[in-house]
2 protein chains.
Amino acid sequence: MDAHEGHRLQREKLDQLPALLRETDIDCWLVWVRETIQTPDPVLPAVLGADLVWPSALLFTASGERIAIVGTYDADVVPAELYDRVVPYAEGMADLLRAELDRIAPRTIGIDESRNDSGADGLTVGMKALLVDMLAATPHATKLVSAERLIGGLRGRKSPYEQTRIRDAVRITEGIFDDLDSFLAVGQTEIEIQGFVHGRMAELGVGFAWQAASNPAVDAGPNKPFGHGGPSDNRTKRGHLLHFDFGVQSGGYSSDLQRMYFFGAESEIPSEVRHAFQAVRDAIRLAADVLQPGVRGRDVDAVARQHVIDRGYPPFAHALGHQVGRYAHDGGTLLGPAWERYGDSPNGMVEAGNVFTLELHVPTEAYGQVSLEEDVLVTETGCEFLSHPQRALRCIAS
Amino acid sequence: MDAHEGHRLQREKLDQLPALLRETDIDCWLVWVRETIQTPDPVLPAVLGADLVWPSALLFTASGERIAIVGTYDADVVPAELYDRVVPYAEGMADLLRAELDRIAPRTIGIDESRNDSGADGLTVGMKALLVDMLAATPHATKLVSAERLIGGLRGRKSPYEQTRIRDAVRITEGIFDDLDSFLAVGQTEIEIQGFVHGRMAELGVGFAWQAASNPAVDAGPNKPFGHGGPSDNRTKRGHLLHFDFGVQSGGYSSDLQRMYFFGAESEIPSEVRHAFQAVRDAIRLAADVLQPGVRGRDVDAVARQHVIDRGYPPFAHALGHQVGRYAHDGGTLLGPAWERYGDSPNGMVEAGNVFTLELHVPTEAYGQVSLEEDVLVTETGCEFLSHPQRALRCIAS
């Protein structure tokens with residue numbers, strides 16, 4: 001992404017902030033970071049688009065003010081067009097931060113800590129301790145609150161720029177699946193197939209939405225648990241299934257899709273596989289039917305989960321959907337069950353502009369798992385599929 | 001870096017752990033992470049070399065045991081050759097973690113929090129809160145201590161694999177400076193010069209030790225404050241200086257060097273510049289003379305700082321040296337003054353195997369700043385220059 005495009009993103013995201021601050025009852029949002037190449041705060045690309053070395057305080061007020069207190073050597077990475085004031089410091093910044101907060105006089109100060117949402121949990125324990133020390137014996141010490149809902153909204157409500165980038169990433173991913181239709185044949189290993197995809201990605205100049213070793217995940221035949229592991233020398237066989245979990249990163253944004261192939265004619269698909277495929281496909285469609293602003297994440301998960309149970313399958317051991325953005329797993333509200341490891345994220349409300357995956361699998365006795373994943377954009381009244389939902393197994397006749 | 005080489009790194013680093021745990025009086029080190037693509041813990045490359053999605057606990061004991069409690073979908077990214085046991089979980093891991101800790105029965109549990117060292121501060125506030133909740137009402141709740149010294153030692157004591165990678169990065173960087181000797185001419189812009197370096201880096205297939213926009217920093221002529229900002233259309237001129245701050249990343253490890261050029265014959269160097277250059281060069285040499293295991297970081301900084309003061313210059317507004325490793329700024333003990341923003345890091349002890357920069361600048365009235373930076377490896381008895389220290393201004397006659 002070039003600098004101009006980058007600033008377009010940050011301008012759109014920073015413009016969302018005043019309304020989000022008021023909605024979440026945060027008078028001032030404080031992004032407090034250092035050495036962000038090592039310990040990046042996931043919000044930084046949206047509000048700065050650069051890395052900072054020294055301890056740095058980025059302040060955003062409900063009235064729309066934007067202030068950056070940064071080390072002298074970092075001052076010229078802060079785009080002047082994005083910030084009202086850049087305040088550089090040499091030896092220490094505690095006095096400068098206290099003075100800005102005294103002037104702003106916020107009732108609440110949002111900081112980047114969250115049990116539920118890793119995307120809103122960029123503040124480290126040591127940095128929080130330094131902040132608490134700096135604010136001790138000031139009226140601001142008791143004002144710190146989690147900016148979780150603010151950050152969830154900021155990341156979750158994709159701006160026009162972000163929506164375009166995600167559409168691009170999905171389109172490129174689907175294009176590579178189309179290329180696979182011609183490439184795939186009986187007798188190839190998973191490793192060979194992944195190599196073909198990596199070659200196409202290099203030709204297209206796109207990056208990986210998650211680590212290359214398991215992207216795409218390629219699972220040939222039965223008896224292979226799906227996961228984030230890498231491909232093996234398992235070979236495609238006539239009568240077997242082939243599964244992909246694949247996401248690219250393009251222009252800084254990600255896609256995340258799963259697709260299923262069958263080696264043989266459409267008429268040769270075993271009824272057990274056909275039944276499983278329909279259950280998965282229809283569960284995604286039913287979930288999409290209820291996905292709209294204002295619904296709770298867990299209630300969307302429950303629709304798909306109930307459908308596979310009704311069709312005679314065990315429920316899947318993961319959430320139905322996560323948000324997609326810069327990262328394949330973009331944090332915020334989750335379309336998931338209320339399990340310990342998901343924290344409070346399945347209780348969040350779906351919002352217009354959110355991009356979610358819808359993904360699940362069911363087992364078969366003899367053919368392994370059948371698993372699909374689509375990407376959808378929540379609109380004002382429902383949702384739009386960004387991917388072309390897989391309607392039938394892609395059959396490789398040879 | 002291929003998987004095999006990666007495991008060589010992790011084997012070497014994990015082998016350092018039992019002694020480091022005993023030295024720092026930590027019975028069990030707990031690396032507690034989630035979604036590490038978004039919120040990476042800087043220690044992860046050394047102890048795992050992969051990314052984890054679900055909340056994950058990596059446990060290392062003073063007796064040498066290594067256990068990974070990870071989500072089912074993450075289980076196969078944990079190299080079996082590195083860990084004694086991989087414990088997968090589906091819905092939640094609290095019971096599994098408590099059971100492991102009950103069995104280990106540590107007196108102290110080190111966690112990745114640090115005010116002073118960003119490289120030892122990978123634990124986020126939300127993750128700490130989740131950990132404290134899981135351990136509440138167990139005997140382990142009161143055992144949590146900072147693993148700052150442990151991590152500082154682990155990252156700072158470069159293993160043979162790491163030393164080789166850093167030597168490679170320095171050699172490549174010096175090679176590009178040699179290429180610049182032939183390329184540079186009067187009348188080029190900073191942007192053009194940076195473009196040449198980026199082209200050479202692409203041809204050599206090496207990455208950036210910090211963000212590309214300011215790597216290399218290229219500063220032509222006087223009246224330009226050095227910093228992390230990008231190059232401008234300032235042009236090189238006869239009689240002017242040219243400054244570079246440049247680091248590559250190769251095989252996962254970084255270099256960080258500064259070099260100074262003069263446009264004109266050696267005999268034309270103004271005496272003011274000559275005097276400044278000698279002060280900087282000699283300050284680095286004097287600091288290297290006292291750099292050895294057991295000396296405090298601040299005491300090395302003080303030697304160079306005093307030398308420039310003695311030579312009639314104001315002291316530089318930054319630390320003399322930081323550690324270099326995976327990152328150009330690799331955390332741990334700092335060769336710096338006892339300023340607020342450096343926390344406790346200048347009070348740390350230098351150890352054999354540390355790699356430091358030695359860098360400083362002095363101003364001139366008419367020619368801008370004169371600044372140099374070298375990379376050195378601390379040995380058992382002193383230090384070794386990994387770079388060839390710049391002895392004289394590199395003169396471009398044309």
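Helix α4 of chain A, residues 125-135, is a good place to start in this predicted model. Eight of its 11 residues are buried, so the helix is largely enclosed by the rest of the structure. The buried residues are Val125(A), Gly126(A), Met127(A), Lys128(A), Leu130(A), Leu131(A), Met134(A) and Leu135(A). If you look at what lies over them, you will find that the cover includes β1 (28-33) and α3 (94-104) of chain A, together with α4 of chain B. Just past the end of α4(A), Ala137(A) has a positive phi of about 65°.

Since α4 of chain B is part of that cover, let us turn to the contact between the chains. Here 47 residues of chain B are in contact with 47 residues of chain A. On the chain B side, helix α4 (residues 125-135) gives the largest share, with six residues. Sorted by class, that side of chain B has 20 nonpolar, 15 polar and 12 charged residues.

How are the two copies arranged? In general, two copies of a chain are related by a rotation about an axis and a shift along it. In this model, a turn of 180° with a shift of 0.0 Å along the axis lays chain B on chain A with an RMSD of 0.0 Å. The two copies are thus related as by a two-fold rotation axis. Thr124(B) is the residue of chain B that comes closest to this axis, with its C-alpha at 2.0 Å. The interface fits this picture too: 100% of the interface residues of chain B are also interface residues in chain A, so the copies meet through the same surface.

Next, have a look at the sheet in chain B. Six strands form an open sheet there, in the order β4-β3-β2-β1-β5-β6, and the pairing is mixed. At the edges stand β4 (85-89) and β6 (144-146) of chain B, each with a single partner strand, so one side of each is left without a neighbour in the sheet. From one strand to the next, the twist averages 25°. Strand β3 (residues 66-71) of chain B runs parallel to β4(B), and five bridges join the two. One residue to pick out is Ile69(B), whose bridge partner in β4(B) is Val87(B).

Back in chain A, the loop between β3 (66-71) and β4 (85-89) holds Val77(A). Is this loop residue buried or exposed? Val77(A) is buried, with 23 other C-beta atoms within 10 Å. Compared with Ala217(A), Val77(A) is 140 residues away in sequence and 38 Å away in space, C-alpha to C-alpha.

Note on methods. Residues are numbered from 1 along each chain as its sequence is written. Chains are lettered from A and ligands numbered from 1 in the order in which they are written. This is a predicted model: local features need pLDDT of at least 70, side-chain atom pairs count only at pLDDT 80 or more; totals for chains, interfaces and linings use all residues. Two residues are in contact if their C-beta atoms, placed from the backbone, lie within 7 Å. Helices (H or I, at least four residues) and strands (E, at least two) are DSSP runs, numbered from the N terminus. Ala, Val, Leu, Ile, Met, Phe, Trp, Tyr, Cys and Pro count as nonpolar, Asp, Glu, Lys and Arg as charged, and the others, Gly among them, as polar. Copies are superposed by least squares on the C-alpha atoms of residues with pLDDT of at least 70 in both. A residue is buried if 20 or more other C-beta atoms lie within 10 Å of its own, exposed if 12 or fewer, and partly exposed in between; C-beta atoms are placed from the backbone. Two strands pair if DSSP finds at least two bridges between them. Axes are lines fitted to C-alpha atoms, for helices over the stretch in contact, and angles run from 0 to 180 degrees between N-to-C directions.
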